[in-house]
Amino acid sequence: MGNSLNAWSDALAGFQPAGLPLGLLIIAAIPLVFIALYALTYGVYGERKISAFMQDRLGPMEVGKWGILQTLADILKLLQKEDIVPTSADKFLFVIGPGVLFVGSFLAFAVLPFSPAFIGANLNVGLFFAIGIVALEVVGILAAGWGSNNKWSLYGAVRSVAQIVSYEIPAAIALLCGAMMAGTLDMQQINILQSGTYGFAHFFLFQSPIAWLPFLIYFIASLAEVNRAPFDIPEAESELVAGYFTEYSGMKFAVIFLAEYGSMFMVSAIISIVFLGGWNSPLPNIGPIALNDMTTGPVWGAFWIISKGFFFIFVQMWLRWTLPRLRVDQLMYVCWKVLTPFAFVSFVLTAIWEIYVP
Amino acid sequence: MQELEMAGQGSLRLSRKSDTIVVLEKDLSTEQMVLSMGPQHPSTHGVLRLECLTDGEVVTEAEPYLGYLHRCFEKHCEHVDYPAIVPYTDRMDYLAGINSEMAYCIAVEKLLDLEIPRRVEFIRVIVSELNRIASHLVAIGTYAIDLGAFTPFLFCFRDREHILNMLEWATGARMLYNYIWVGGLAYDVPAGFNERVLEFVNYFRPKALELQQLLTENEIFVKRTKGIGIMPADVAINYGWSGPMLRGSGVQWDIRRNDPYSIYPELDFAVPVPDGKLSVVGDCLSRHLVRALEIEESLKIIEQCIDKMPGTQGFDPRSAVPKRVRPKAGEVYGRAENPRGELGFYIQSDGKSTSPLRCKARSSCFVNLSAMKDLSRGQLIPDLVAIIGSLDIVLGEVDR
């Protein structure tokens, strides 16, 4: 596999007809198209259907068979909507907010290994980059909330910033545990270290008896980082109407939503890369039946990482439609007094395990 | 909100929450901000407006502003005949129309000194208890949505739908029934109604348990409601609270028991009050628990009524309905236990007219809401939402 690593993205990067870096543009466009497609299908339509089945409803049924075209109709509606900027809003911040938000969410996809053969930028500090760049979203949220000149938006923005900045600490420490087990921050290397003929047994989650602790901590913290229930306090619709994007309409609203779905997939992909093998097949070779070998390869890799990401998004949806929302102070309590200490404990334990248990 | 001067440390802003004191900020001068919550806000349950004075997330003062849904109910009553007021009462508490009709009819019947056929009383109790369950389901469901849980809301509405279908079958309407008339009923219940009601009772019991496991036993739900918005029993009585609100504060007061009307004395049901094991007596969780327990009691009442109900032979639901309602000069106060508390009608008659000289509605929601200012002092914004939700107000009845 070593010689085919990043084969697709290297080939694309080399594709420069007439000196124009067209291939690089395509590399950047692939995650963008992926986010848009997945947000359209699984993100919006899927969530509506999944929530409907959880709640004894049918969900969208009118547009197309089983309402399949409902999301397209919604997008058409959003495109036609008037782009309203409130008169009292800070125009610059109001316009730039969704953009910054989306860029922050989208840039992290640069280091996401979609397959053994494809990664946008094979940085040797990929994981660090992914954690760091997502923090850019905070700026966008603050700009959007402050620029709206709406008290509810301001509340949403301030809550959101407090929440994301706080939860980055346990999340980063939990990911550090994974990085410690791998000994590298390179996303592709982390994946390669988890591949083997026994499938899931090579995943970091099953490699050490402590790994489940950072795994859980990161999962909970990631829910808070992407503002999903039970931590959807910044956009608590029954308290703050819609939080920081109350005043947005039309495509700006759609961009905010796209950024949110982008981050949802990003954290799900990161948790599956660091703890669940990323693009590695979970199927083991059983004697002569080489299931693992059969399900390994560039295309299979893309399939596995996207399925794992979708599974975690499903869990996020499942929690959202089951649990009530926490209160602001309870949220901070969970972060600083529960998750952060446990993250440190798991950090120390993982270090001990890595040093003394080979 | 208290200001404590601590030597050498500047002022500490403290918020008193249940039994712990949370230090919010130190040496940080903040401006208070006026936040207008409503009339278009998802969790004010209608067109209530709260003008909140906020200090960060803490609400230092919240003043409710009413009247957005004022429809001159009392003035209208002075210009229409007694029976024609019944549809207006539907529009007061639109989630429990039948209960409002019942309270009004009790008052007028008291004024007329009417004898009501026994079967009519049974039907009245069955439909009003069904309506009470429907109303409590909306209260519990919307409370869940206030706290961010969406699924219990839809579970509640799914089950409420069965009740509304039954009531539609019996009365012809789903919301504004005009079913209980002065002295009788509009129609007898359709054939097979009792069987369908029993079928619903059997269907609903496991669903209520499911709802309890999903919502009431949820750790986050308990965390959000326990110890929030505590109303001591004596203050609640002074405010004139009634219904589940007063029972949530631990006072065993139910008009169906304490000032019985209709056939309630013959029925066996409990008046649930919180015992302080699951919740702090008087907090939001207690009020929620009382509603959840009352649904079970209503189911019991319905079962007993169907058991004891007289047959249809020689029964005319309008046999005692007077041709023309013209009471003797005098005044009366009739009241009934509504899902939201005591709904009373004070009616004054001059003895000549066929419409009342004065009709005053004692609205339970209005009285319950009056404590909002006290309850909201020093709470966080999410807690304010939890408190409004636990009050279970219907603005149609508050403003009338």
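Trp66(A) is a good place to start: this residue is partly exposed, with 14 other C-beta atoms within 10 Å. The model you are looking at is a predicted one, so please read every value here as computed from that prediction. Trp66(A) sits in the loop between helix 2 (22-54) and helix 3 (70-80) of chain A. Its backbone deserves a look as well, since the phi of Trp66(A) is near 55°, a positive value in a residue other than glycine. Most residues other than glycine have a negative phi.

Asn149(A) makes a natural companion. Asn149(A) is not a glycine, and yet its phi is positive, at about 55°. Its place is in the loop between helix 6 (136-147) and helix 7 (151-182) of chain A. Asn149(A) is partly exposed, with 16 other C-beta atoms within 10 Å; the count falls short of the 20 or more that would make a residue buried.

**The two chains**

With those two loops in mind, we can turn to the chains as a whole. Chain A comes to 15 helices and 2 strands, while chain B has 15 helices and 12 strands. The table sets out some overall values for each.

| Chain | C-alpha span along principal axes | Buried residues | Contacts joining residues at least 24 apart, among those at least 6 apart in sequence |
|---|---|---|---|
| Chain A | about 65 × 55 × 45 Å | 48% of 358 residues | 77% |
| Chain B | about 85 × 50 × 35 Å | 49% of 400 residues | 69% |

How does the radius of gyration of chain A agree with that of a compact globule? For 358 residues such a globule would have a radius of gyration near 21 Å, and chain A has 21 Å, which agrees. For chain B, with 400 residues, the globule value is near 21 Å and the chain has 22 Å, which agrees too.

**Where the chains touch**

The contact between the chains takes 26 residues from chain B and 23 residues from chain A. On the side of chain B that touches chain A, at least two residues each come from strand 4 (33-37), helix 4 (118-146), helix 5 (151-171), helix 7 (219-225) and helix 14 (381-391). Which of these elements of chain B gives the most? Helix 7 of chain B does, with 4 residues. By character, the residues on this side of chain B divide into 16 nonpolar, 5 polar and 5 charged.

**A helix pair in chain B**

Helix 5 of chain B also has a partner within its own chain. The axes of helix 5 and helix 6 (residues 193-216) of chain B come within 10 Å and cross at roughly 170°. That angle makes helix 5 of chain B roughly antiparallel to helix 6 of chain B, because angles over 145 degrees count as roughly antiparallel. From helix 5 of chain B the contact includes Phe155(B), Cys156(B), Met166(B) and Ala170(B), and among the residues of helix 6 of chain B that take part are Phe200(B), Phe204(B), Leu211(B) and Leu214(B). The residues of this contact divide into 12 nonpolar, 2 polar and 3 charged.

Helix 4 of chain B, named above at the chain contact, holds Ile133(B). Is Ile133(B) buried or exposed? Ile133(B) is buried, with 26 other C-beta atoms within 10 Å. Leaving aside neighbours within four places in sequence, Ile133(B) is in contact with Ile163(B), Ile295(B) and Ser298(B). Ile98(B) lies 35 residues from Ile133(B) in sequence, and the two are 12 Å apart in space, C-alpha to C-alpha.

**A sheet in chain B**

Finally, chain B has an open sheet of 3 strands, in the order 9-10-11 and with antiparallel pairing. Strand 9 (330-338) and strand 11 (358-362) of chain B stand at the edges; each has a single partner strand, so one side of each is left without a neighbour in the sheet. From one strand to the next the twist averages 15°. Strand 9 and strand 10 (residues 341-349) of chain B pair in the antiparallel sense over 9 bridges, and Tyr333(B) stands opposite Tyr346(B) in strand 10 of chain B. Helix 3 (residues 97-112) of chain B packs on the sheet, where helix 3 touches strand 9 and strand 10 of chain B. The direction of helix 3 of chain B makes about 150° with that of strand 9 of chain B.

Conventions. Residues numbered from 1 in each chain as written. Chains lettered and ligands numbered in written order. Predicted model: local features only at pLDDT ≥ 70, side-chain atom pairs only at ≥ 80, totals over all residues. Rg over C-alpha atoms; globule rule 2.2 N^0.38 Å. Buried ≥ 20, exposed ≤ 12 C-beta atoms within 10 Å, placed from the backbone. Contact = placed C-beta atoms within 7 Å. Pairing = 2+ DSSP bridges. Axes fitted to C-alpha atoms, helices over the stretch in contact; angles between N-to-C directions. Nonpolar A, V, L, I, M, F, W, Y, C, P; charged D, E, K, R; others polar. Parallel < 35°, antiparallel > 145°, perpendicular 65-115°, else oblique.
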